[in-house]
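Here are some worked exercises to try with the model open beside you. Take each task on its own first, then compare your steps with the solution.

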Amino acid sequence: MNDITLNLKKVSYNDLNSRQKENYNYAHVTAVLADYGFTTMRLTDDWQGADFIAQHIDGEQFIKVQLKSRLWVNTKYKDKNIWICFRALTSGVWYLYPHDEFLHWCIANLGIGSTAGWANVEDPESVSGAYSWPSIPAKAQAWLAAYAL
């Protein structure tokens, strides 16, 4: 018989470094996605902009997912069929949303294109820029509701 015992102690998310937070978030979202019939495969580098692939048990749904620590849009993910996944810190709710749809909605409804670092906002094909929010704006909350896990 083995006399080794585990000294299990929960960690504080705020005490983790950025890489540890990414690992923590990946483990958590993988468990949440399992409830929806998905298994995940972590990628060693951002393949086509994705941190991991989620495969549904139906064998037909495969999605490329970029894991973020907050609500985010970045045109470097545009036209790559990327889904963004993040956990809202205030509520603990996970969201998984299609990047390009949210990008177009944000430009039209949140005025992010008028902030520094954006170019060609009037042209969906050549628009460039990035924006993130530490908390979810009220207007975006309604849009994201359909993508809450």
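## Exercise 1: Charges and overall layout

The protein chain carries 13 positive and 15 negative side chains, and 9 Å separates the centres of the two sets. Keep in mind that this is a predicted model.

**Task.** Work out how many helices and strands the protein chain has, and in what pattern they follow one another.

**Solution.**
- Step 1: Count the elements; the protein chain has 3 helices and 7 strands.
- Step 2: Read along the sequence, which gives α-β-β-β-β-β-β-α-β-α.
- Step 3: Add the dimensions; the C-alpha trace spans about 70 × 35 × 30 Å along its principal axes.
- Step 4: Turn to the surface; about 9100 Å² is accessible, and carbon and sulfur atoms account for 52% of that.
- Step 5: Look inside; 39% of the 149 residues count as buried.
- Step 6: Check the contacts; of those between residues at least 6 apart in sequence, 42% join residues at least 24 apart.

## Exercise 2: The cysteines

**Task.** Find how many disulfides the structure holds, and explain why Cys85 is not bonded to the closest cysteine sulfur.

**Solution.**
- Step 1: The number of disulfides is 0.
- Step 2: Start from Cys85, whose closest cysteine sulfur is in Cys106, 16 Å away.
- Step 3: Apply the cut-off: the two sulfur atoms of a disulfide lie within 2.5 Å. The sulfur of Cys85 is therefore too far from that of Cys106 for a bond.
- Step 4: Look from the other side; Cys106 is in no disulfide, and its nearest cysteine sulfur is that of Cys85.
- Step 5: Check exposure; Cys85 is buried at 0% relative accessibility, and Cys106 is buried with a relative accessible area of 0%.

## Exercise 3: Two buried polar residues

**Task.** Decide whether His99 is buried or exposed, do likewise for Gln66, and list what their side chains reach.

**Solution.**
- Step 1: Place His99 in helix H2.
- Step 2: His99 has a relative accessible area of 0%; buried means under 20%, so His99 is buried.
- Step 3: The His99 side chain makes a polar contact with the side chain of Asp100, at 3.0 Å.
- Step 4: Look beyond four places in sequence; the contacts of His99 include Trp72, Tyr77, Ile82 and Trp83. Ile82 is 17 residues from His99 in sequence, yet their C-alpha atoms are 5.8 Å apart.
- Step 5: Move to Gln66, found in strand S3 (residues 62-67). With a relative accessible area of 3%, Gln66 is buried.
- Step 6: The Gln66 side chain reaches the backbone oxygen of Gly49 at 2.6 Å.
- Step 7: Among the residues that Gln66 touches beyond four places in sequence are Tyr77, Ile82, Trp83 and Cys85. Tyr77, Ile82 and Trp83 are also in contact with His99.

## Exercise 4: A loop residue

**Task.** Where does Val121 lie, and which residues does Val121 touch beyond four places in sequence?

**Solution.**
- Step 1: Val121 sits in the loop between helix H2 (99-109) and strand S7 (130-133).
- Step 2: Val121 has 25% relative accessibility; partly exposed covers values between 20% and 50%, so Val121 counts as partly exposed.
- Step 3: The residues touched by Val121 are Ile107, Gly113 and Val127.
- Step 4: For a distant reference point, take Tyr13, 108 residues from Val121 along the chain; their C-alpha atoms are separated by 36 Å.

Methods: Residues numbered from 1 in each chain as written. Predicted model: local features only at pLDDT ≥ 70, side-chain atom pairs only at ≥ 80, totals over all residues. Heavy atoms only, no water. Buried < 20%, exposed > 50% of the residue type's maximum accessible area, 1.4 Å probe, protein only. Helix = DSSP H or I, 4+ residues; strand = E, 2+ residues; numbered from the N terminus. Contact = heavy atoms within 4.5 Å. Areas by Shrake-Rupley, 256 points an atom, 1.4 Å probe, with all protein chains shown as cover. Lys, Arg positive; Asp, Glu negative; His and termini not counted. Charge placed at Lys NZ, Arg CZ, Asp CG, Glu CD. Polar contact = N/O pair within 3.5 Å; in protein donor to acceptor, adjacent residues only side chain to side chain.
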